[in-house]
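Visitor: Hi, I'm new to this one and would like a walk through it. Could you show it to me before we start?

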Amino acid sequence: MLMEKLGMDKIEESKNRVQALRASRKDIKWPLLSEEEKHHLVHQYHPDYKKEAYGEIRIGPNRGEKTVLEVVKLLEGESSIASESISLSAARQVDVLIIGGGGAGATAALSVKEAGASVLMATKLRLGDSNTVMAEGGMQVAISPDDSPIQHFMDSLRGGHMENDRTLLKTLVESGPSVAKWLLDIGVLFDREEDGNLSLRPGGGSSRARLLRCKDYTGLELMRVLKDAVLDEEIEVLEFSPVVELLTDGEGICTGAILKNLDNNKYLTVQAKTVILSTGGMGRLHIQGFPTSNHYGATADGLPIAYRAGAALTLQDTFQYHPTGAVYPEAMAGILVTEAIRSVGAQLVNSNGERFVNEMETRDAVASAVIRECQEGRGVETSSGRRGVWLDMPLVDLLNGEGTLKDRFPNMDRQYSRYKIDISKDPVLVYPTLHYQNGGIKINVDGESTLKGLFVAGEASGGIHGRNRLMGNSLLDIIVYGKRAGRAASLRASETEFRKLTLRHLEEYQKEQKSAGVVPQIVSPILFPDYVNKD
Amino acid sequence: MGKTPSPRGGMMSRSITIEFDGAPHYVPEGITVIQAMWHLGHPMIRGIGCLNGVCGACTITMRSPSQGESRTALACQTMVEDSMSFTFLPPDASKKAITPLSAEVPDEKKLLHFYPETKRCVACQACTTICPQGIDVMGGVRAAINGEISAVAERFTSCVMCGLCSMVCDARIRPHRVGILARRLSVAAHPGSTEQLYVRIDEINTGRYKEEWERVMSS
Ligand SMILES: Cc1cc2nc3c(=O)[nH]c(=O)nc-3n(C[C@H](O)[C@H](O)[C@H](O)COP(=O)(O)OP(=O)(O)OC[C@H]3O[C@@H](n4cnc5c(N)ncnc54)[C@H](O)[C@@H]3O)c2cc1C
Ligand code: SF4
Ligand code: SF4
Ligand code: FES
């Protein structure tokens, strides 16, 4: 008890310093890091560079390459149907099967429908339960007269450490304006300026203001509308029906999938001319023990099943740790505090009340700086043993006028006020949270993977964002590539017959496991994180 | 009770009593209702989604000593309290009307055209009272009856589509469905403001950036 008391006093003391020094920090412009300084900072402190967290993938298309141990285990895992006997005669037939009902999946479904092909969507939870619904900050589109797709491209390339697939990236930024128009057409309500023009805000790592958003509910708005549109098109959606394995013709073409009905644990075999995988990210793997901002179903299910069926991955070793995840209260740990709050003036300060980084550096740099402060003893420790630095939000109102926080960030305000924290009065504690899978399944501009007939869209794919995604580029990605994958998969379906359904790829994978001496340590995909208390 | 690891990492302590589905249970303090469910051995599949207060999957009705009346809340956003009781509520079962935005009906009439029962609202406030997001739902419904699309849209900005408003409405009105339709329709009420966007699309389509691209892509 005494310890806890002492701890609280220390936090209060530090918080008072933050409040006292606020005015003196207010107008100071913190310099941006030089490329060299940034390189140094990131290499020293970013979790992506922590060697002991990585291991070699011993089998499959990316054999010999590295990724984090959690993902190695997933890829080398045992199929959950290995010991089941499942009928491979199709219970359902459809032109295009879409797996995953988030933003990318919903967009793809609409695009398939528009192309006139038949479509079935299967998703793990309910339609729309996803990472998409949580996006707060916004979506990047180069619209303003002082901006251009080239500028957007260069910013993204710099953010991605120059390792982005340039063709994918060019298509992403060039399609931005037209998909923004499409979103307006289906009824997405983006914020406007007083004069009625679309409002654009700056984002970290971006040289121009190009974030379209809806308050801090951008993802909710997008997902609500996409979902409404999917239902309007009467697209059939199987909820609580995750995919557990893909099917191939045994000759390198994807021909369908096996779904598991979570209500009765029965399997459903679906035969499709093409398959679009849009299963999203991996935050719930809690890589390197990090908390996460992701939804409950973000367990990277798409990776092991696509990999076993022969699809190659790219940049599978890089993840985004969002610099500002909540640290306190404990119940909010890992939850995102949107970057947009920093873009309107909130500062990061250490336990001494001092700033230590320009808040608008790219995410990997800001996250590294926060980790550095904490490792070097300038962080604040909570009673539950978490560390963090202060995000000084009251500054936002000081800089932009009272009420700005509540008006522009109603979601953030509501979340904190549930725990009796007033973000317009008090700074909050933050630490990097596992946020986004930078890499994923390798695709071409049509969204097709290296496994023919398997298209991938959204966070499950890799290449577009290089080693670090720029804020706001993922929402753009899911719409642009959701549409492209939908179109290309429909076209291919129109030229294709139904083909054989086999699990031969799985048998081959098992053989490879054996000959490489790989003993699977887990069953994958895992579908849900295991949080249940076993006592 | 000793310290137990929390699902999000970190440690938790001190045990309190909560009542779930009528039976008492002990859980550590400082966790959310969803985390308490895990603690009690329930692997959640329904009644869970974003864990972030925006998907509306985890609605509960609860009573706690700190407030007299029972109220609804989102389980992922609610911390357990000593002597609280709660029950999970069913998911949204309201049916969505098929609402093509381009239907041949004037915009201000579309809400009632697709959701005609809306005009049966008896202003009982039940929807507003139950909304876990604190939305003035009834105000939205009244505005819908008056055809004020933008006013409806504005009210439902933070709607998480949990469907509780529609569950409690005796007149079988589906306020959240009307709300989202109003939002989709209201985009068209901002015409002439996307000039920049059209200019940019045109520039891209007519090859304005072609040379720059060649330079950038080959560098
Ligand atoms: C808190 C938060 C804030 C963010 N803010 C922004 C932002 O401001 N701007 C931005 O650009 N990006 C942002 N992002 C990133 C962005 O939201 C996501 O990367 C993007 O929405 C992913 O879309 P998706 O469709 O690929 O995946 P998701 O939206 O996650 O959808 C995946 C779907 O697949 C389903 N699924 C999973 N496994 C299976 C399976 N085995 N079988 C069937 N279905 C399955 C899931 O249930 C889900 O419905 C944010 C992310 C988070 C978590
Ligand atoms: S519950 Fe139904 S009848 Fe009552 S105010 Fe709300 S919409 Fe009107
Ligand atoms: S308006 Fe209705 S559906 Fe929306 S959050 Fe409130 S109760 Fe839920
Ligand atoms: S799980 Fe989404 S609102 Fe609680």
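Guide: Before we look inside, one term helps: a nonpolar core is a set of buried Ala, Val, Leu, Ile, Met, Phe, Trp, Tyr and Cys residues joined through side-chain atoms within 4.5 Å. Please keep in mind that this is a predicted model.

Visitor: OK, so how many residues does the largest nonpolar core have?

Guide: The largest nonpolar core has 193 residues, and those with the most contacts inside it are Met393(A), Tyr416(A) and Leu454(A). Apart from that one lies another core, of 39 residues, which includes Ile81(A), Val244(A), Leu247(A) and Tyr531(A).

Visitor: Back to Tyr416(A), what is it in contact with?

Guide: Setting aside neighbours within four places in sequence, Tyr416(A) is in contact with several residues, among them Ala326(A), Tyr328(A), Pro329(A), Met393(A) and Val428(A).

Visitor: Switching topic, how much area do chain A and chain B bury between them?

Guide: They bury about 6300 Å², with 58% of it on carbon and sulfur atoms, and 73 residues of chain A are in contact with 68 residues of chain B.

Visitor: And which salt bridge does Asp228(A) form?

Guide: Asp228(A) forms a salt bridge with Lys96(B), in which the closest N and O atoms are 3.3 Å apart; the count between chain A and chain B is 6 salt bridges.

Visitor: Last thing, which residues come nearest to ligand 3?

Guide: Of the 13 residues around ligand 3, those that come nearest are Cys131(B), Cys159(B), Cys162(B), Gly163(B) and Cys165(B), and the shell divides into 10 nonpolar, 3 polar and no charged residues.

Key
Residues are numbered from 1 along each chain as its sequence is written. Chains are lettered from A and ligands numbered from 1 in the order in which they are written. This is a predicted model: local features need pLDDT of at least 70, side-chain atom pairs count only at pLDDT 80 or more; totals for chains, interfaces and linings use all residues. Side-chain values use heavy atoms; hydrogens and water are left out. A residue is near a molecule or strand if one of its heavy atoms lies within 4 Å of it. Ala, Val, Leu, Ile, Met, Phe, Trp, Tyr, Cys and Pro count as nonpolar, Asp, Glu, Lys and Arg as charged, and the others, Gly among them, as polar. Buried means under 20% relative accessible area, exposed over 50%, partly exposed in between (1.4 Å probe, protein chains only). Contact means heavy atoms within 4.5 Å. Buried area is the accessible area (1.4 Å probe) that two parts lose on being put together, summed over both. A salt bridge is a side-chain nitrogen of Lys or Arg within 4 Å of a carboxyl oxygen of Asp or Glu.
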